[in-house]
Amino acid sequence: MQPGGMPDMQQLLAQAQQMQQQLMAAQSEMSQEEVTGQAGGGLVTATVKGTGEVVAVHIDPKVVDPEDIETLQDLVVGAIADASAKAQESAAEKLGPLAGGLGGGIPGLPGF
């Protein structure tokens with residue numbers, strides 16, 4: 001910090017640029033990551049990318065009952081929901097340190 005309480009603008013810009021690079025790296029990593037969720041004890045699995053895109057669904061033939069389509073539908077929805085929740089948890093872990101904004105670690109500036 002410069003005399004008079006004003007933050008050093010070059011230092012602020014360098015920290016902002018470093019945060020931007022870290023954020024871009026985390027976003028890139030998340031877009032490549034695939035997370036699998038399950039329902040019915042693993043009888044139905046769903047795989048989603050870190051971006052939330054569903055890329056695969058696997059249904060064990062044992063769970064397919066033409067007389068009970070509703071249960072199968074519920075299992076598919078449950079597996080996708082589980083995978084999505086895991087993807088969100090992973091994103092929160094990767095972005096956690098970056099989510100605090102610029103103000104958290106820079107003296108003289110309030111948090112955003």
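**Exercise 1. The sheet**

Work out how the three strands of this predicted model are arranged, and which of them stand at the edges.

*Solution.* Start with the order: the three strands form an open sheet, arranged β1-β2-β3, with antiparallel pairing. Next, look for the edges. Strands β1 (34-39) and β3 (54-59) each have a single partner strand, so one side of each is left without a neighbour in the sheet. Then add the twist, which averages 15° from one strand to the next. As a reminder, strands of a sheet pair through backbone hydrogen bonds, either parallel or antiparallel.

**Exercise 2. One pair of strands**

Find how many bridges join β2 to β3, and which residue of β3 stands opposite Thr47.

*Solution.* Strand β2 takes in residues 44-49, and five bridges join this strand to β3. The two run antiparallel. Now go to Thr47: its opposite number in β3 is Ala56.

**Exercise 3. The helix on the sheet**

Describe where helix α2 packs, what its span is, and which of its residues are buried.

*Solution.* First, place the helix: α2 (residues 69-95) packs on the sheet and touches β1, β2 and β3. The direction of α2 makes about 140° with that of β1.

Second, check the length. With 27 residues, α2 reaches 39 Å from its first C-alpha to its last, close to the 39 Å expected at 1.5 Å a residue.

Third, list the buried residues, taking buried as under 20% relative accessible area. In α2 they are Leu72, Leu75, Ala79, Ala83, Ala87, Ser90 and Ala91. To read such a list, recall that an α-helix has 3.6 residues a turn, so residues three or four places apart point the same way.

Finally, ask what these residues meet: the buried residues of α2 pack against α1 (9-32) as well as β1, β2 and β3.

**Exercise 4. The annotated stretch**

Compare the UniProt annotation "coiled-coil region" with the secondary structure of the model over residues 9-36.

*Solution.* Begin with the record: an unreviewed UniProt entry gives the annotation "coiled-coil region" to residues 9-36. Now turn to the model, where this stretch is 86% helix and 11% strand. Its end C-alpha atoms lie 44 Å apart.

**Exercise 5. The whole chain**

Put the elements in sequence order and say what share of the chain is buried.

*Solution.* Count first: the protein chain has two helices and three strands. Read along the sequence, they follow the pattern α-β-β-β-α. Of the 112 residues, 21% are buried. The surface comes last: the chain exposes about 7,400 Å², and carbon and sulfur atoms supply 55% of that area.

Note on methods:
Residues numbered from 1 in each chain as written. Predicted model: local features only at pLDDT ≥ 70, side-chain atom pairs only at ≥ 80, totals over all residues. Heavy atoms only, no water. UniProt positions renumbered as here; feature names shortened; annotations may be inferred. Helix = DSSP H or I, 4+ residues; strand = E, 2+ residues; numbered from the N terminus. Buried < 20%, exposed > 50% of the residue type's maximum accessible area, 1.4 Å probe, protein only. Areas by Shrake-Rupley, 256 points an atom, 1.4 Å probe, with all protein chains shown as cover. Pairing = 2+ DSSP bridges. Axes fitted to C-alpha atoms, helices over the stretch in contact; angles between N-to-C directions. Contact = heavy atoms within 4.5 Å. Expected span 1.5 Å × (residues − 1).
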